[in-house]
Amino acid sequence: MTKKNVEKVRIFALVGHGDAGKTSLAEAMLFDSNMTTRLGKIEQGNTVTDYDPKEVKRGITINSSLAYLDWKNSSFNIIDTPGYLDFIIDTRSSLRVVDCAVIVVCGVSGVEVQTEKVWEYSEEFQLPRVFFVNKLDRERADFNRASEMIKENFGQNAVPVQLPIGTEENFQGIVDLLEMKAYYFQPGKDGKNQIEERDIPEDLKDTAKISRQKIVEVVAEFDDEVLMKYLDGEELTKEEILTCLKGAIVEQKIFPILCGSATKNIGIESFLDFITNYFPNPLELPDIVVNDIKEGKETKLKRDVDAPFSALVFKTIADPYVGNLTYFRVYSGELDSDSQVYNSSQDIENKVGKIYRMQGKEQSAISKVTVGGIGAIAKLKKTNTGDTLCDKEHPIQFKRIEYPEPIMRIAISPKSKGDEDKLSIALNRIQEEDPTIQIHRDEDTGETIIAGMGESHLDVVMEVMEKKFGVEVEKSTPKVGYKETIRKQVQAEGKYKKQSGGRGQYGHCFVEFEPMERGKGFEFVDKIVGGVIPKQYRPAVEKGIVEAMRKGVLAGYPTIDIRATLFDGSYHTVDSSEMAFKVAGSLAFKKGAAMADPIILEPIYNLEVVVPQEYMGDIIGDINSKRGKIMGMDESGKGKQTIKAQVPQAEMFRYSIDLRSITQGRGAFTMRFSHYEEVPPQIAQEIIEKAKQEAESET
């Protein structure tokens, strides 16, 4: 592909809060550009980009989806992204690989929680941004209110470049403030709207003049010569305004606000024109900082058709039948089908068969993919989300896509006992597809734990396991990894003597048990003097104690942080054995631990919660109600506070739901294990009683 062709490419993501109308907007754009023959609808489950059965069932976008279209000699690559909190991380991955973000805002609801979140992601990746205020045909839709909310949240450089004509059910067109013309949209015979250009309605003329003046003021600042001309009171030419506007968008000095209705197909063609005229092409953006593997240092990658090939993998779809489908965005050079590609992240070379261009779930084979292109390849070995694909002779690595820690955990087990292997395979494939999922086996409780971004996220994973991989699972709240320890120093005798014909068994030891500092684990001290227990039997005493410690005397939890000192005992020249002394050691522990004022310990986690200032009191009250201790508070900027606390794990399994409820989704938190601490007596008694009941039910 020539440089001239790449200059016609626009690559952007549709982002925003759930139900703002991103998928409907993608559908209208595809329809108006003749890529589809009908305008699909969410409620009918027939849109191009929401094709997964899970999405059709729920009526929401769960996975980022690709689409493409041609419009007036330009080529668009579009990513339709999720807007609901549990799936918003897929949106972050998508924003990492596009050149512009279209933030879709509902004309009724205005700026919502995830609008703020996608703005933060777009800022992080330094993306040009435009707003599209959608659903202006709906009852209670208000463009002015939505625009003011955008300005309040994201700054005064968010400027309307269009105004709506009519409101709610009478919404019928837009005023283009750049052209100073009105466009009316009337239903046509082929399902597409007929567009009629007219003069600006009288009741909007004054508003249009004032709004246009604001655009001119903002864009004039982009160019010193144009600014001087503006300050001298001279009229700016149309070309000067348009050139400055595009430059200001690319450099994130202005964030235009457009408007329309995706489901009524009003304003969509004007929006397509705006993208063509003002969105940057892949060659107009700054060079990218990458790691040059040969040189071992950072360097800048030029976005160039003639440069060596480089691309970033931003999505992997696991298919139980055809293997993984790898989605990647090309930043330099080009990749041909039936060639080789090097994965520098995994140091592996792969054969490339067919390269596909994706239109929702539909695949069309293409001969090559070049700068600004998004392609998909099946069956690439050892290739995961975040990996770099490049020319082996010019190896580089892009900065990896970073994901936050999962915030909700559940324990899972297969419903059928023979499905353990199938479950393991399914979990591995799901983890390849979704890097926000974490899976591990809890050594303390023996449970398989799966962690994700929220309740809905984990529900979808369960559904995928059942429908895609044929594994049904039981899910439950994870068990708490309680421990036991002692508080007193005691001495205990362990004696194992058995005579039953033939050779007997004899092991006899005296052990002193004492508590150690929290986190010190276990220490065994041999203080035998004079050979009262031969050397070859002493390790067996330690082994017996260690094995007995795995099930404590109070509630059967592992015992930690004790020192055991072997100081006396006796042996029999014929009947003593390692086995006998191992049993003696175990008996000494059980007797000693019971006498040493045993207690139950619970895991305590360091919690950091970032919330807007107004929720501080509610969050602190909630942490206190969970037996937490507030350790400190810091300002996080932009009206947010970070609350640091220590909380028992037992109180935190549903914290993601609680926090979301308290802060209306505006809070975020991280948790990391800190230490073990004594459980309050009342709660300890409940744990002991529960353990007794479970033990009785197993017998």
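Here are legends for five close-up views of this predicted model.

In this prediction, local features need pLDDT of at least 70 and side-chain atom pairs count only at pLDDT 80 or more, while totals for chains, interfaces and linings use all residues. Residues are numbered from 1 along each chain as its sequence is written, and side-chain values use heavy atoms, with hydrogens and water left out.

**View 1. The largest nonpolar core, with F131 in focus.** A nonpolar core here is a set of buried Ala, Val, Leu, Ile, Met, Phe, Trp, Tyr and Cys residues joined through side-chain atoms within 4.5 Å. Buried means under 20% relative accessible area, exposed means over 50%, and partly exposed lies in between (1.4 Å probe, protein chains only). The largest such core has 111 residues, and F12, M29, F131 and F274 are those with the most contacts inside it. Contact means heavy atoms within 4.5 Å. Leaving aside residues up to four places away in sequence, F131 touches I103, V105, W119, I150, F154, A158, F255, P256, I257 and L258. A second, separate core has 24 residues, among them V541, A588, A593 and A596.

**View 2. The cysteines C106 and C259.** A disulfide is counted when a pair of cysteine sulfur atoms lies within 2.5 Å. Searching the whole structure turns up zero disulfides. Why is C106 unpaired with C259? The closest cysteine sulfur to that of C106 is in C259, and at 14 Å it is too far for a bond. Both residues are tucked away from the surface by the cut-off above: C106 is buried at 6% relative accessible area, and C259 is buried at 0%.

**View 3. N34, a loop residue with positive phi.** Although N34 is not a glycine, its phi is positive, at about 65°. N34 sits in the loop between helix 2 (22-32) and helix 3 (53-58). Helices (H or I, at least four residues) and strands (E, at least two) are DSSP runs, numbered from the N terminus. With 59% relative accessibility, N34 is exposed.

**View 4. D561, also with positive phi.** D561 is not a glycine either, and its phi is about 55°. Look for D561 in the loop between helix 13 (538-549) and strand 33 (562-570). D561 is buried, with 2% relative accessible area.

**View 5. Q114 and its neighbours.** Q114 belongs to helix 5, residues 113-124. Its relative accessible area is 3%, so Q114 counts as buried. Beyond residues up to four places away in sequence, Q114 touches G16, H17, G83, L85, I88 and G665.
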